[in-house]
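Got a minute to go through this one together? Have a look at the sequence and model first, then we'll chat through the ligand sites and the sheet.

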Number of protein chains: 2
Amino acid sequence: MKQYVVIGCGRFGSSVATTLYLLGHEVMAIDTNYDIVQDISDKVTHAVQADATDENALRSLGIRNFDTAVISIGSDVQSSIMATLIAKELGVKYVLCKAQNELQAKVLYKIGADRVVFPERDMGVRVAHNLVSQNVLDHIELDPNYSIVEIVTPSNWVGKDLIELDLRAKYGINVMAIKRGTNINISPSANEKLKMGDILVVIGENTKINQISKEDR
Amino acid sequence: MKQYVVIGCGRFGSSVATTLYLLGHEVMAIDTNYDIVQDISDKVTHAVQADATDENALRSLGIRNFDTAVISIGSDVQSSIMATLIAKELGVKYVLCKAQNELQAKVLYKIGADRVVFPERDMGVRVAHNLVSQNVLDHIELDPNYSIVEIVTPSNWVGKDLIELDLRAKYGINVMAIKRGTNINISPSANEKLKMGDILVVIGENTKINQISKEDR
Ligand SMILES: Nc1ncnc2c1ncn2[C@@H]1O[C@H](COP(=O)(O)OP(=O)(O)OP(=O)(O)O)[C@@H](O)[C@H]1O
Ligand SMILES: Nc1ncnc2c1ncn2[C@@H]1O[C@H](COP(=O)(O)OP(=O)(O)OP(=O)(O)O)[C@@H](O)[C@H]1O
Ligand SMILES: [Ca+2]
Ligand SMILES: [Ca+2]
Ligand SMILES: [Ca+2]
Ligand SMILES: [Ca+2]
């Protein structure tokens with residue numbers, strides 16, 4: 001079990017805080033807003049109303065004892081910078097900050113942030129990719145050219161086996177797993193016939209994978 | 001090439017719009033705020049200052065010709081609902097909306113939204129998982145128990161090959177790919193010795209994968 005402090009409990013911050021708590025960790029949530037503190041109080045270990053730009057307040061809360069601080073004060077850039085500075089000065093080992101743009105991120109890194117994230121931007125990129133290839137359920141970008149994707153079996157593949165489809169030769173992709181209902185087959189045999197609704201986990205070049213995701217339209 | 005209209009260009013909306021454009025699609029970006037429209041104008045096909053709660057404005061922009069509308073007016077719930085209603089009434093086939101909470105999502109689905117997303121919440125969940133297992137770079141949840149994850153090679157695995165590590169027997173996981181610098185090996189041989197900095201793509205049960213991500217601490 002680790003100790004986390006989450007400073008600023010907007011939509012992003014509260015999601016981080018409550019998820020960490022659900023994962024079994026100790027979480028202190030801090031916000032200036034009384035209602036927000038009340039709302040989150042039964043979903044974290046401790047919820048405290050405090051101003052993170054007040055060094056004494058953070059010191060008395062024992063901030064230095066936390067392994068990690070998440071600073072998710074979004075819109076108020078100056079408070080976000082102040083809170084990061086104070087958290088690092090008080091000795092928090094790992095500080096993750098939410099930023100609005102690259103410029104703000106640069107400042108945060110300069111004053112000691114260990115990681116800066118852009119939740120809205122990153123999720124925007126994911127959703128855009130998702131819209132473009134709607135039968136892709138999830139993906140990992142291995143590098144700018146290679147990905148692992150989870151795709152719904154194109155309808156014209158249903159009833160065929162992996163030998164017939166010859167995906168390695170035709171598309172240069174490998175099927176690494178087949179998900180059928182609640183069952184996952186992580187080393188599908190070559191004569192496995194695909195069924196409607198099968199989810200395939202494939203690895204290959206993005207351009208080739210994009211070709212597949214167009215098969216269906 | 002498909003036609004997308006993005007209504008509301010905050011951090012999330014502008015990221016969706018510019019990513020769709022980068023992926024080679026036609027994108028119209030709409031916002032009430034003049035400065036935002038100016039900022040995004042060279043990163044999308046068309047940028048227009050308009051109020052999405054004004055049905056006539058949307059009609060004259062030819063909204064019905066778009067395959068997909070992304071409605072990313074975040075904080076103003078009422079405008080978000082109005083814009084969704086109008087887009088569906090004008091005949092947009094697929095409408096994706098950004099929402100703040102489940103209640104808002106329910107209303108949006110009722111009035112015809114095809115998909116509702118919670119960017120801050122979803123990214124909060126991802127970041128929390130990431131903090132808990134910091135050597136996991138990305139993951140796909142295949143089901144509640146199985147995942148594919150991209151992990152940094154634990155330091156005590158460096159110099160050993162896959163036979164020696166015997167991961168299948170020890171952890172029930174399979175190494176599906178090894179990323180070394182810019183090179184990706186998608187069918188690593190059993191006597192491949194792991195190097196410091198190698199990124200491994202593994203598939204297996206979450207509980208087993210979590211054990212690995214703790215190997216290093
Ligand atoms: N100095 C401060 N100390 C503690 N909390 C603060 C401080 N300033 C702002 N906050 C809190 O931070 C939270 C997040 O801020 P805000 O809503 O502006 O960010 P946001 O980027 O719009 O968040 P999201 O998009 O994730 O909802 C708010 O609940 C706010 O009350
Ligand atoms: N009626 C409307 N028509 C068009 N655009 C609108 C309308 N109302 C608001 N907008 C625009 O929608 C954008 C997003 O709104 P807002 O910043 O409130 O959402 P948000 O959820 O905080 O966004 P994010 O967190 O992604 O930055 C703003 O740029 C705003 O100008
Ligand atoms: Ca907010
Ligand atoms: Ca936001
Ligand atoms: Ca905003
Ligand atoms: Ca992923």
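Q: Which ligand has an oxygen atom 3.2 Å from a polar side-chain atom of Glu120(B)?
A: We're in a predicted model here, where local features need pLDDT of at least 70, side-chain atom pairs count only at pLDDT 80 or more, and totals for chains, interfaces and linings use all residues. Residues are numbered from 1 along each chain as its sequence is written, chains are lettered from A and ligands numbered from 1 in the order in which they are written, and side-chain values use heavy atoms, with hydrogens and water left out. Polar contacts here are pairs of N or O atoms within 3.5 Å, and the molecule that Glu120(B) reaches at 3.2 Å is ligand 1.

Q: How much of ligand 1 does the protein bury?
A: Taken alone, ligand 1 exposes 640 Å², going by Shrake-Rupley accessible areas with a 1.4 Å probe. The share of that buried by the protein is 83%.

Q: Between which chains does ligand 1 lie?
A: Among the 22 residues around ligand 1 (a heavy atom within 4 Å), Arg11(A), Phe12(A), Asp31(A), Ser75(A) and Lys98(A) come nearest. A backbone N or O atom of Arg11(A) sits 2.8 Å from a ligand 1 oxygen, and a polar side-chain atom of Lys98(A) is 2.8 Å from an oxygen of ligand 1. The ligand lies between chains A and B.

Q: Why is the site of ligand 2 shared between chains?
A: Glu120(B) has a side-chain N or O atom 3.2 Å from an oxygen of ligand 2, and for Lys98(B) the corresponding distance is 2.8 Å. The site is shared because the residues surrounding ligand 2 come from chains A and B.

Q: In what order do the six strands of the open sheet in chain A run?
A: Strands are DSSP runs of E, at least two residues long, numbered from the N terminus, and two of them pair if DSSP finds at least two bridges between them. E1 (residues 3–7) and E2 (residues 26–31) of chain A, for instance, pair in the parallel sense over five bridges, with Val5(A) opposite Met28(A). The full order is E3-E2-E1-E4-E5-E6.

Q: Which strands of chain A stand at the edges of the sheet?
A: Edge strands here have a single partner strand each, so one side of each is left without a neighbour in the sheet. In chain A they are E3 (46–49) and E6 (115–117).

Methods. Helix = DSSP H or I, 4+ residues; strand = E, 2+ residues; numbered from the N terminus. Polar contact = N/O pair within 3.5 Å; in protein donor to acceptor, adjacent residues only side chain to side chain.
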